[in-house]
Amino acid sequence: MTPRRSFGTSLLRLFRSTPPPAPADLELQRRKILRMIADAPDVTFFRHRGNIGDDLIHAGTRQLLANISYREIGTWDMQDAHGHTALITGSGGWCVPFHHQLPQALPLIETRFKKVIILPSTFDLAEPVVFNALQRTKALVFARERESYEQIRHVCNADIGHDSAFFFDFRPYRRAGAGHLVAFRTDGESARADVPAGNNDISLTCFGLDHWLWTIAHHATVATDRAHVMIAATLMGKPVEYHRTNYHKVTAIADHSLSGFSTLRAAEPWQP
């Protein structure tokens with residue numbers, strides 16, 4: 001006799017098999033980027049060093065590029081890198097305080113590749129190194145939210161899209177979970193004087209992307225000031241309370257890419 005599946009089990013399987021909602025124009029962005037590189041004789045994807053949130057961007061980019069031939073290298077290992085089309089990872093690495101890799105790598109990449117595209121990123125032109133790099137570049141530069149786009153659109157060849165993390169398939173991680181995850185930054189981007197008791201800055205404490213994703217998945221609700229914890233938890237279907245950092249990234253991504261999600265809300269100052 002075949003055991004009967006419980007209603008809860010069937011509902012969970014339906015939940016996990018249903019594609020998570022995404023920004024309405026994400027598919028248009030996918031087609032646009034793939035059209036730009038469709039005829040390239042070779043494509044190189046440049047990733048950079050970062051935290052596990054950056055690993056999620058890289059994983060989403062790999063899923064975006066899954067059906068094309070490309071090679072992937074780090075910005076720290078470019079000795080023999082050259083070719084036709086370069087895709088530079090999306091990032092917050094064009095902002096204070098994390099602008100020490102990509103603005104320096106961009107001019108070198110441009111000398112070695114005919115076509116350069118910077119995938120959707122956040123930009124802060126108050127940082128002179130960033131302003132100077134964008135003012136000189138001939139690359140197509142995608143912002144991942146409106147505030148960055150408004151900063152760069154008169155400085156370089158600019159466009160706007162959504163963070164490449166939205167191309168990641170979160171379905172295997174969608175589940176109800178239990179308990180409340182408090183995941184605030186503990187680095188130089190934090191706007192907080194201190195962090196709440198029980199805080200777990202999972203983008204620094206987890207030992208890899210899968211561990212990070214399952215940590216979010218196993219909780220029922222989330223409070224965070226990390227953009228990619230916010231994105232991942234929201235696309236897993238969890239109620240998320242997001243807090244600002246010391247510049248516009250988190251709030252601008254929420255406004256641009258997640259405004260249609262009823263489970264996401266901006267926080268008042270933290271109340272323990």
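Helices in this account are DSSP runs of H or I with at least four residues, and strands are runs of E with at least two, numbered from the N terminus. By that rule T205 lies in helix α7, which spans residues 202-205. The structure described here is a predicted model.

**Overall make-up**

The protein chain has 10 helices and 10 strands. Of its 272 residues, 51% count as buried. Among the contacts that join residues at least 6 apart in sequence, 69% link residues that are at least 24 apart. One pair that illustrates such a separation along the chain is T205 and I52, which stand 153 residues apart in sequence while their C-alpha atoms are separated by 9.2 Å. T205 itself counts as partly exposed, because its relative accessibility is 49%.

**The sheet of six strands**

Six strands form an open sheet in the order β2-β1-β3-β4-β5-β6, and the pairing is parallel. The edges of this sheet are held by β2 (71-74) and β6 (157-160), each of which pairs on one side only. On average, neighbouring strands of the sheet are turned by 25 degrees against each other, with direction ignored.

Within the sheet, β1 (residues 43-47) pairs with β3 (residues 83-88) in the parallel sense over four bridges, and in this pairing T44 stands opposite A86 of β3. Strand β1 also pairs with β2, again in the parallel sense and over four bridges, where F46 has I73 of β2 as its bridge partner. The path from β1 to β2 passes through helix α3 (residues 52-64), and β1, α3 and β2 together make a right-handed β-α-β unit.

Two helices can be placed against these strands. Helix α2 (residues 26-37) lies across β1, β3, β4 (113-121), β5 (140-143) and β6, and runs at about 165 degrees to β4. In helix α4 (residues 102-112), the residues L102, P103, A105, L106 and I109 are buried. Seen down the axis of α4, these buried residues fall within an arc of 145 degrees, so they line one face of the helix. The elements that cover them include β1, β3, β4 and α5 (128-136).

**The sheet of four strands**

An open sheet of four strands has the order β7-β8-β9-β10, also with parallel pairing. Strands β7 and β10 (264-266) stand at its edges with a single partner strand each, so one side of each is left without a neighbour in the sheet. Neighbouring strands here are turned by 15 degrees against each other on average, direction ignored.

Strand β7 (residues 180-183) pairs with β8 (residues 221-224) in the parallel sense over four bridges, while β8 and β9 (residues 240-242) pair in the parallel sense over three bridges. A right-handed β-α-β unit is made by β8, α9 and β9. The table gathers residues that face each other across strand pairs of this sheet.

| Residue | Opposite residue and its strand |
|---|---|
| H180 | T221 in β8 |
| V222 | V240 in β9 |
| T224 | Y242 in β9 |

**The nonpolar cores**

The largest nonpolar core has 48 residues, and those with the most contacts inside it are W212, L213, I216 and M230. Helix α9 (residues 227-235) supplies the largest share of this core, with seven residues. Apart from it lies another core of 26 residues, among them I73, I88, L102 and C156. Two of these residues have already appeared above: I73 as the bridge partner of F46, and L102 as a buried residue of α4.

The surroundings of I216 can be followed in some detail. Leaving aside neighbours within four places in sequence, I216 is in contact with L181, I202, V222, V229, A232, A233, M236 and K238. Of these partners, V222 is also the residue whose bridge partner in β9 is V240.

Which residues does T215 touch, not counting those up to four places away in sequence? They are L181, I202 and C206. T215 has its place in helix α8 (residues 209-217), and it counts as buried because its relative accessibility is 13%, with the limit for buried residues set at under 20%. L181 and I202 therefore appear in the contact lists of T215 and of I216.

How values were computed:
Residues numbered from 1 in each chain as written. Predicted model: local features only at pLDDT ≥ 70, side-chain atom pairs only at ≥ 80, totals over all residues. Heavy atoms only, no water. Pairing = 2+ DSSP bridges. Axes fitted to C-alpha atoms, helices over the stretch in contact; angles between N-to-C directions. Contact = heavy atoms within 4.5 Å. Right-handed = clockwise from strand over helix to strand, strands pointing away. Core = buried A, V, L, I, M, F, W, Y, C linked by side-chain atoms within 4.5 Å. Buried < 20%, exposed > 50% of the residue type's maximum accessible area, 1.4 Å probe, protein only. Arc of directions from axis to C-beta.
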